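Visitor: I am new to reading structures. Please pick one part of this model, look at it closely, and then show me what lies around it.

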Amino acid sequence: MISDTHGLLRPEALRFLRGADHIIHAGDVGGPEVLHDLRTIAPVTAVRGNNDRGRALPKTANLKVEGVEIHVLHDIAELRLKAGMCVVVSGHSHKPKIEERDGVLYVNPGSAGPRRFTLPIAVGELKISGKSVRARIKELT
């Protein structure tokens, strides 16, 4: 997972994402070259962030991986939780976070683009095996 690249796709992020079966971009992509470069690694599901005005990206996306429902949106404040959601991936805050509440795993991979304030540069990973889902955040140097 990656979010808030704002047109900057760091080599460290690309290295981390190599070997992924699927890449989720939780918005504020920046230019089309970011998604192009990510697609050279794996299929990509991307959503529109508040800075992606005019981009032909959906506001939300849903995908199912090994029976696990994943909902993707940029701003968690806009979430309308639906029954059956197992994982929610969001961005926007630039703050990496993993939290489980009421049986739903919420993951924000943080920002992999330009540094904002003193927040870390980060990406995330979902490991799915059957109905088991583990998330981790990887801070980039």
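Guide: First, a term. Helices and strands here are runs assigned by DSSP, with at least four residues for a helix and at least two for a strand, and they are numbered from the N terminus. Keep in mind that the model is predicted.

Now pick out Gly30. Gly30 sits in the loop that leads from strand E1 (23-25) to helix H2 (32-39). Is Gly30 buried, partly exposed or exposed? Its relative accessible area is 24%. Buried means under 20% and exposed means over 50%, so Gly30 counts as partly exposed.

What touches Gly30, once neighbours within four places in sequence are set aside? The contacts are His6, Gly7, Asp52 and Arg55. Gly49 is another residue to find from here. In sequence, Gly30 and Gly49 are 19 residues apart. In space, their C-alpha atoms are 9.1 Å apart.

Step from the loop into H2. Its buried residues are Val34, Leu35 and Leu38. These residues lie on the same side of H2, because they cover an arc of only 90° around the axis. The other side of H2 has Pro32 and His36, and both are exposed. What do the buried residues of H2 pack against? They pack against H1, E1 and E2.

Follow the buried side inward. The largest nonpolar core has 20 residues. Leu35 and Leu38 are among the residues that touch the most other members. Ile2, Leu17, Ile23 and Val123 are also in that group. At least two core residues come from each of helix H1 (11-17), H2 and strand E2 (44-46). H1 gives the largest share, four residues.

Stay with Ile2 for a moment. Again leaving out neighbours within four places in sequence, Ile2 has a list of contacts that includes Leu9, Ala13, Leu17 and Ile23. Leu38 from H2 is also one of the contacts of Ile2, and so is Val123. A second core, separate from the other, has 15 residues. Val47, Val68, Val87 and Ile128 are among them.

Next, the sheet. Five strands form an open sheet, and their order is E3-E4-E5-E7-E6. The pairing is mixed. Which strands are at the edges? They are strand E3 (60-65) and E6, and each of these pairs on one side only. On average, neighbouring strands in this sheet are turned by 20° against each other, direction ignored.

Walk across the sheet strand by strand. Strand E4 (residues 68-73) pairs with E5 in the parallel sense, over three bridges. One partnership to look for joins His71 to Val88 in E5. Strand E5 (residues 87-89) then runs parallel to E7, and three bridges join the two. Here Val89 is partnered with Val107 of E7.

How well covered is E7 (residues 104-108)? It is mostly covered, with five of its five residues buried. In a regular strand, side chains alternate between the two faces of the sheet. E7 can be read in that light. Val104, Tyr106 and Asn108 point one way. Leu105 and Val107 point the other way. All of these residues are buried.

The last step leads to the edge. Strand E6 (residues 97-101) runs antiparallel to E7, and five bridges join them. Glu100 has Leu105 of E7 as its bridge partner. E6 and E7 form a hairpin, with two residues between them. Asp102 lies in that turn and has a positive phi of about 50°.

Charged side chains also meet along E6. Lys97, Glu99 and Arg101 are linked in a network of salt bridges. Between Glu99 and Arg101, the closest N and O atoms are 2.8 Å apart. Both residues are partly exposed: Glu99 has 25% relative accessibility, and Arg101 has 37%.

Salt bridges also form elsewhere. How many are there by this rule? The count comes to six. One of them joins Glu69 to Lys64, at 3.2 Å from N to O. Lys64 is exposed at 57%, whereas Glu69 is partly exposed at 28%. Another joins Lys127 to Glu125, at 3.8 Å. Lys127 is partly exposed at 42%, and Glu125 is partly exposed at 22%.

Note on methods
Residues numbered from 1 in each chain as written. Predicted model: local features only at pLDDT ≥ 70, side-chain atom pairs only at ≥ 80, totals over all residues. Heavy atoms only, no water. Salt bridge = Lys/Arg side-chain N within 4 Å of Asp/Glu carboxyl O. Buried < 20%, exposed > 50% of the residue type's maximum accessible area, 1.4 Å probe, protein only. Pairing = 2+ DSSP bridges. Contact = heavy atoms within 4.5 Å. Core = buried A, V, L, I, M, F, W, Y, C linked by side-chain atoms within 4.5 Å. Arc of directions from axis to C-beta. Axes fitted to C-alpha atoms, helices over the stretch in contact; angles between N-to-C directions.
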